[in-house]
Amino acid sequence: KSASERFAGADETYTIEALMQNGWALQSGTSHFLGQNFARAFDVTFQNDQNRPELVWATSWGASTRLLGALVMSHSDDAGLVLPPAVAPTQAVVIPISKGPTKAPEDHAALMAFVDDNVRRLRAAGVRVHVDTRYAMKPGNKYYEWERKGVPLRLEVGPRDMAAGTFVVARRTGGAKTPLAADDQSGAAVRAELEQMQAGLLAAAEARLAEQTREIGSYSEMATALSEAQADGAAAPGFFLVPWHDDAEAEEKVKKETKATIRCFPFTEQHRVEGKECFMTGRPATHMAIFARAF
């Protein structure tokens, strides 16, 4: 973080800056190196290896519910939550299409025996699976509910599917429904599907980040892009990666005029700063900086 944006009293602040789908940045997690500043203020010492009191060195970490917010906003859609399989509490939900144990007890018992066998295979493969046994609720209502909750995979099974020895797989990320053979390989097949979905969500987020990270030649270009986005009521235009001469007054000017702030000095871009001029002042650049509007 720049000096203006770092945690008060810290020597350095390090941050995870995530780009949301609407082009706004979200500070998702921070780590602060506090040096000995707070130890000096509160007289916190330890006995060192020379048996002498020494001020402690301190850090502070902020990785909490903002990460969950970033997760929700990064992947979800108009239908509701979309959860990456790696962190989804329920990775697959099985929906038996049955009239229930009272209306058709024999058919129901056979279907549930089929379901139970496959659920055991899934759990043995490490899949976090839930069986929706609310037989009084229509299947369509169940589908909508589990889509809204973001469960990665939905496995539907009725009498015809059982006769064919399959489940019907619906992905939260869309696409055509496909059959899944209910055999000894079903657990591995579902695991592979979840891994593919995980990779797909990551790839989509990385592509969005690359597409919405602009390298521009001047401050006026950034100010115009931000002004047009605000005037049209559109989403923000994303990240602006620019050469920057570290200057608190200039940084404040940018903030007042555009409502954009320096989100970070990205580690992976600092090797490019040599020989560049600040995009705003023309002075020798000290950092490569990312500017953006932020939540």
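Select C264 to begin: this cysteine is buried, with a relative accessible area of 12%. The structure on display is a predicted model. Next, add C278, which also counts as buried, at 5% relative accessibility. Show the two sulfur atoms: that of C278 is the closest cysteine sulfur to that of C264, yet the distance is 16 Å, too far for a bond. A disulfide requires two cysteine sulfur atoms within 2.5 Å. Accordingly, C278 is in no disulfide, and the structure as a whole holds zero disulfides.

**The three-stranded sheet**

Now select β1 (12-19), β5 (58-62) and strand β2 (residues 25-35). In what order do these strands lie? They form an open sheet in the order β1-β2-β5, with antiparallel pairing. β1 and β5 stand at the edges; each has a single partner strand, so one side of each is left without a neighbour in the sheet. From one strand to the next, the twist averages 10°. Focus on β1 and β2, whose antiparallel pairing extends over eight bridges. For a single example, display T15, whose bridge partner in β2 is T30.

**Helix α2**

Proceed to helix α2 (residues 65-75) and highlight A70, S74 and H75, which are buried. Look along the axis of α2: the buried residues fall within an arc of 95°, so they line one face of the helix. An α-helix has 3.6 residues a turn, so residues three or four places apart point the same way. What covers the buried residues of α2? The covering elements include β2 and α6 (186-211). Then turn to the other side of α2, where T65 and L68 are exposed.

**The five-stranded sheet**

The next selection is a second open sheet, made of five strands in the order β7-β6-β8-β9-β10, with mixed pairing. Here β7 (129-131) and β10 are the edge strands; each has a single partner strand, so one side of each lacks a neighbour in the sheet. On average, neighbouring strands of this sheet are turned by 30° against each other, direction ignored.

Within this sheet, select strand β8 (residues 153-157) together with β9; they run antiparallel and are joined by four bridges. Display E156 and, opposite this residue in β9, V168. Add helix α3 (residues 105-124), which packs on the sheet and touches β6 (92-96), β7, β8 and β9. The direction of α3 makes about 165° with that of β7. Then show helix α4 (residues 139-148), which lies across β6, β7 and β8 and runs at about 175° to β6.

**The side chain of R172**

For the last stop, follow β9 (166-171) into the loop that leads to β10 (178-181), and select R172 in that loop. Is R172 buried or exposed? R172 is buried, because its relative accessible area is 8% and buried means under 20%. Display its side chain and look for two backbone oxygens. The side chain of R172 reaches the backbone oxygen of L81 at 3.1 Å. The backbone oxygen of E147 lies 2.6 Å from a polar atom of the same side chain. To see the surroundings, select the residues in contact with R172, leaving aside its neighbours within four places in sequence: D77, A79, G80, L81, V82, E147, G150, V151, P152 and M197.

Technical notes. Residues numbered from 1 in each chain as written. Predicted model: local features only at pLDDT ≥ 70, side-chain atom pairs only at ≥ 80, totals over all residues. Heavy atoms only, no water. Helix = DSSP H or I, 4+ residues; strand = E, 2+ residues; numbered from the N terminus. Buried < 20%, exposed > 50% of the residue type's maximum accessible area, 1.4 Å probe, protein only. Polar contact = N/O pair within 3.5 Å; in protein donor to acceptor, adjacent residues only side chain to side chain. Contact = heavy atoms within 4.5 Å. Pairing = 2+ DSSP bridges. Axes fitted to C-alpha atoms, helices over the stretch in contact; angles between N-to-C directions. Arc of directions from axis to C-beta.
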